[in-house]
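Work through the exercises below with the coordinates open. Each task is followed by a solution in steps.

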Amino acid sequence: MARPLFVAWALALSACFTGGFLSGQPCTADSDCGPSLRCEAGVCGGPSAQTSPTTTTTAPTTTTTASDATTVEPTSTTTTTTTSDTTLTPLTTTTSTGEEETTGGGCGIGRCKDLDLLFVADNSPSMLLKTLILLDFITTFGNEMVPELRQACSVHLGVVTTEAYPHNPVECQKLGALVTADNNGDPCSFTEGLPYATLPDLDMPLTLECLFNIGSDGDPDEKPIDALFSTVGALDPSLNTGCNQGFYRPNAFLTVIMLADEDDDNNDAQGHDGSEEIFESFWTGSLTNIKPTGIDDLYMVGLLGDPKMGQPACAWDPTENDDGFGTETTPKLRGFIQSLPPERYAIDTLCNVVPGGNAYGALLQEVRAEIRAACGA
């Protein structure tokens with residue numbers, strides 16, 4: 001700011017020195033009368049400078065011009081400076097590849113310009129009967145959340161399974177690598193050519209359908225917590241620069257949606273170990289520590305097993321097959337999510353849902369309202 005103001009001041013000052021204000025003053029040389037008057041008979045502008053109609057008209061006009069310059073020039077220059085400052089300090093957000101780009105001031109949900117949405121989805125055999133339930137959830141998510149997401153400057157929306165997804169390219173069959181193909185192995189066509197959906201894909205139903213069509217033929221030893229922390233770089237930082245191509249952005253608002261019908265526990269009824277890399281007591285602290293702003297840019301959603309056993313959709317038989325049948329209670333996953341402040345999570349059940357209905361409307365309306373509040377919208 002100092003340099004433009006100095007320039008404005010100098011221009012205004014130079015405009016004052018036209019010499020008109022010296023008319024009629026004594027002089028010995030032309031240099032005593034400024035650039036616009038001559039020294040004639042010892043007087044700037046000549047002896048009749050103060051009485052000549054022509055000179056009298058000229059002097060006020062010159063003075064007025066000087067005055068106008070003094071008043072107008074700083075105002076004009078100040079306006080130009082303000083425009084320049086706006087150009088030099090644009091609103092910057094992050095592109096889909098993690099690079100900064102200039103965006104208009106109209107995008108964003110409150111203070112949240114960039115949004116990362118990570119679905120951690122159980123694709124084990126016990127999820128087979130929940131396919132229509134998940135379809136209901138995803139459909140309602142599209143109706144309730146997608147209009148809100150369109151307001152963001154950028155969106156990264158990805159799905160990761162609770163195992164190393166077997167339908168990804170071989171090099172990306174790793175725990176925490178984002179889903180890039182459907183259950184038949186057909187690649188998902190994301191608009192920007194990335195391994196996740198971005199803003200243009202929100203209006204592409206077939207692309208999103210591919211993303212969530214993960215089947216139920218995954219490993220029955222589910223590891224949703226290890227999958228989550230691998231995707232956001234806490235366990236495997238190489239994923240974000242490799243298979244996931246900049247999906248996770250530390251400064252974006254992160255929403256994690258966990259979909260699971262079994263708990264993440266060690267030595268469960270089927271003899272599975274579950275997540276091992278990060279101990280249960282560190283789950284919450286590790287999640288908040290991955291964000292530079294801590295809890296300010298975090299929100300979690302859980303669609304989990306219901307503690308009410310014996311319900312038609314919840315009857316749990318751990319001996320039915322390698323993965324059990326029905327829906328198990330999920331105290332550890334629930335405890336993890338509920339360790340966040342109440343306004344930073346929402347939980348619902350996989351039980352007692354009528355497929356094709358709108359069972360999750362209230363849940364996602366709550367999610368939408370609380371994310372807006374977290375972002376100051």
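## Exercises on a predicted model

**Exercise 1.** Classify Arg368 as buried, partly exposed or exposed.

Solution. Arg368 has a relative accessibility of 24%. Buried requires a value under 20% and exposed a value over 50%, so Arg368 counts as partly exposed. The model used here and in the other exercises is predicted.

**Exercise 2.** Find the salt-bridge partner of Arg368 and place both residues in the secondary structure.

Solution. Step 1: Arg368 forms a salt bridge with Glu148, with the closest N and O atoms 2.7 Å apart. Step 2: Glu148 lies in helix H4 (residues 146–149) and Arg368 in helix H10 (residues 361–374). The two are 220 residues apart, so the pair links distant parts of the chain. Step 3: Glu148 has a relative accessible area of 4%, so this residue is buried.

**Exercise 3.** Which residues belong to the salt-bridge network that contains Glu148?

Solution. Step 1: Glu148 also meets Arg372 in a salt bridge, at 2.6 Å from N to O. Step 2: Arg372 is in helix H10, 224 residues apart from Glu148 in helix H4. At 28% relative accessibility, Arg372 is partly exposed. Step 3: a further bridge joins the side chains of Arg150 and Asp203, again with an N to O value of 2.6 Å. Arg150 sits in the loop between H4 and E6, and Asp203 in the loop between E6 and H5. Step 4: bridges with shared partners join Glu148, Arg368 and Arg372 into one network. The count for the model is seven salt bridges.

**Exercise 4.** Why is the ring pair of Tyr196 and Phe247 assigned its geometry class?

Solution. Step 1: the count of aromatic pairs is five. Step 2: for Tyr196 and Phe247, the ring centres are 5.4 Å apart and the planes meet at 65 degrees. Step 3: an angle over 60 degrees counts as edge-to-face, so this pair is edge-to-face. Step 4: Tyr196 and Phe247 are 51 residues apart, and both are buried.

**Exercise 5.** Apply the procedure to Trp283 and Phe336.

Solution. Step 1: the ring centres of Trp283 and Phe336 are 5.6 Å apart, with planes at 70 degrees, so the pair is edge-to-face. Step 2: Trp283 belongs to helix H8 (residues 283–289) and Phe336 to helix H9 (residues 331–338). Step 3: Trp283 and Phe336 are both buried.

**Exercise 6.** Is Ser230 buried or exposed, and which residues does Ser230 touch?

Solution. Step 1: the relative accessible area of Ser230 is 6%, so Ser230 is buried. Step 2: residues up to four places away in sequence are left out; the contacts of Ser230 then include Leu175, Gly176 and Leu239.

Conventions
Residues numbered from 1 in each chain as written. Predicted model: local features only at pLDDT ≥ 70, side-chain atom pairs only at ≥ 80, totals over all residues. Heavy atoms only, no water. Buried < 20%, exposed > 50% of the residue type's maximum accessible area, 1.4 Å probe, protein only. Contact = heavy atoms within 4.5 Å. Phe/Tyr/Trp six-rings, centres within 6.5 Å; stacked < 30°, edge-to-face > 60°. Helix = DSSP H or I, 4+ residues; strand = E, 2+ residues; numbered from the N terminus. Salt bridge = Lys/Arg side-chain N within 4 Å of Asp/Glu carboxyl O.
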